[in-house]
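Me: I would like to go through how the chains of this model sit against one another. Please set each value against its definition.

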There are 4 protein chains.
Amino acid sequence: MPKLGMEPIRRAALVKATIDEIGRAGSLDVTVSQIARRAGVSSALAHHYFGAKEQIFLAAMRHILTGYAAAVRAGLAGARAPRARLEAVIRASFQGGQFQGDVVSAWLNFYVAAQHSSPARRLLTVYQKRLRSNLLHDLRPLLGVRADEAAETLAALIDGLYIRAALGRDDPDGAASARRVLAALDNMIGAGA
Amino acid sequence: MPKLGMEPIRRAALVKATIDEIGRAGSLDVTVSQIARRAGVSSALAHHYFGAKEQIFLAAMRHILTGYAAAVRAGLAGARAPRARLEAVIRASFQGGQFQGDVVSAWLNFYVAAQHSSPARRLLTVYQKRLRSNLLHDLRPLLGVRADEAAETLAALIDGLYIRAALGRDDPDGAASARRVLAALDNMIGAGA
Amino acid sequence: MPKLGMEPIRRAALVKATIDEIGRAGSLDVTVSQIARRAGVSSALAHHYFGAKEQIFLAAMRHILTGYAAAVRAGLAGARAPRARLEAVIRASFQGGQFQGDVVSAWLNFYVAAQHSSPARRLLTVYQKRLRSNLLHDLRPLLGVRADEAAETLAALIDGLYIRAALGRDDPDGAASARRVLAALDNMIGAGA
Amino acid sequence: MPKLGMEPIRRAALVKATIDEIGRAGSLDVTVSQIARRAGVSSALAHHYFGAKEQIFLAAMRHILTGYAAAVRAGLAGARAPRARLEAVIRASFQGGQFQGDVVSAWLNFYVAAQHSSPARRLLTVYQKRLRSNLLHDLRPLLGVRADEAAETLAALIDGLYIRAALGRDDPDGAASARRVLAALDNMIGAGA
DNA sequence: AATGAATGAGGATTCATTCAT
DNA sequence: GATGAATGAATCCTCATTCAT
């Protein structure tokens, strides 16, 4: 019997290393060797498990999106009222796991990748649809027909705060960002009165 | 006899070609040869005029920022009241010259470049500062101490709408985007009442 | 409990898989992994049994030559007269086992391998010597001193028909090929009259 | 004005180097770097002019076929009678330029390449058709309906002599090979009487 | 002013081979 | 007996950049 069960370990390590490297480089101009070295394996092994470089990137993207989805689910677990649920969704975007240097940088780069990579675009579209649907679900009871516009605006605002966070040198301030989105949300609700 | 005065023409053509190519590729993964070919010159000439590839990119970035600055200036020319001036600044971001496929794509890519290129970051910072100062100047009379927060939020919203526009396949709808930012602005003003 | 006696089975499977893969690829550019996969084992096992890739190829070559030798022996079993024996030798080259897509393709590739691999060359030389000696043995009584020339020509003709068969897309027509060689043979005999 | 007109020179040198290297290696397992080094240029330049490795090989193949076609044309120039023309065609195959170590080795390898490369197959098909048509044109007056069979056999014989020449260590004996084909031809003619 | 020629450096990818289990 | 794990070495190919003309 050979050494068994390394595959999931290596894959996870490589995905983690990919996000770290993208964060460090601030771009997708990262070599497979750099990723592999950081993961402590040879570049050949990275290819062995992922096939091609793009697959590594996509796996990293999927990893981030999965983490985000889990954060949203967790946040929604205890929330019932629309306003509370919206706050949960918004806060999830700016929480620990998601809103830190490397991950935010990776996000921004995935946005770029989505412009020329169909699979990347598909993944991003899934995220966008889910966010939109989450927001709409609880905006409707509060805003009625204005919910659609509001969802678009809030989603754009979240993305905008991400992009700006990516430019900051230090780890971004998630609490402040969440506060801003919530303020915009409350403005919308208030304006409807 | 040598052709005189070609330099500005060539430079402009190369800058234009750079933006076009970035738009086409959806990333900065564009070769000097591709840019040169599109500009109708040899890649050697591109180097002759710009020195290195990064300089070409920076020139393109500068070109876009200059165009944006001009649009803002033009918009502000006829506006006096704070609300009118804010609308002018916001509309400038989503007007013809700025808010079209290639240019938006270039923008997004420059955001990425700013993460690892100091000169690019500097250029982007200039833009951000100017936008912030423009917004603040007219938000203060309307919102007082809440102006800072409002400026941050509006700026992020503008960026967010750009990023989302970059993902759309067709030329983005500038009017709709501007409307959203203005709605957010009016919500802020209304909430302050 | 360890399976006993697997070795010959695995070796045979790998040899068979090698010939099939060479036929499929139309060249020796076949990886050990491909061969192993087709044989239903790991590439490590292929190395375990054969040591190195070249050994696998040589074993495949030996397998083909052995099969050919057996076909010749079988053909000669019932033949007595020189002309009949020659026909048997010639037909053996174009019979079922030898003259089919994969095998012919492998043959051609072994000719190439013989140009840079000494062991391959040695194997091929054995085949050539044996064919030559077979032909000569029965050409001498019929053609006397012209037998040497005739043997060379017939051997070359056989090889030439193989090479041309290798290029055809479908399984080659062994009967037609044999007929051509026999016609050439009869022309030689006839010319001697 | 840059240094001009190097392209055809480099291309020719690379084609020549390719044939030499294939001859030396006895296979197509030749790296672009080896070819380039022998041609006295960088491997990058080889790619610059030919794009990809396969194109270099195809150019070499084309070069050989062109040389062969020229030799045939030259041989046919002075020949009128069918038998004389056939002799010219046959001799052309075994003359200086065509029938020497490297070139013959390259030939054999091109036969292999034709098994998996469509463009290579196409080139080889052109050669085969031309040879067949050349032979048929002059065999018909001599052999009538038997001309087709004869052409096939002669073509196969020529190929067979090539393949065997490729295995010999020294430069092959073209005169002897030609003599053999001519003898086969005369046997055919004689048998028809 | 402009470009064809040329290359060094670097990166993705493949693969035979080894090894521990 | 058998294999998953792992890698070093190679190879194709790309590209920014330089230079002579």
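Me: How do you know whether chain A and chain D touch or do not touch?
Reply: This is a predicted model, in which local features need pLDDT of at least 70, side-chain atom pairs count only at pLDDT 80 or more, and totals for chains, interfaces and linings use all residues. Residues are numbered from 1 along each chain as its sequence is written, and chains are lettered from A and ligands numbered from 1 in the order in which they are written. Two residues are in contact if their C-beta atoms, placed from the backbone, lie within 7 Å. Chain A and chain D do not touch, and their nearest C-alpha atoms are 21 Å apart. Chain B and chain C have no contact either, with their closest C-alpha atoms 33 Å apart.

Me: What makes up the contact between chain B and chain A?
Reply: Chain B gives 31 residues and chain A gives 31 residues. On the side of chain B, α6 (101-113), α8 (147-167) and α9 (174-192) each supply at least two residues; helices are DSSP runs (H or I, at least four residues), numbered from the N terminus. The most come from α8(B), with 13 residues.

Me: Why are chain C and chain D described as related by a two-fold rotation axis?
Reply: Superposed by least squares on the C-alpha atoms of residues with pLDDT of at least 70 in both, chain C fits chain D with an RMSD of 0.1 Å after a turn of 180 degrees and a shift of 0.0 Å along the axis. The two copies are therefore related as by a two-fold rotation axis.

Me: Which C-alpha of chain C is nearest the axis?
Reply: That of G160(C), 1.8 Å from the axis.
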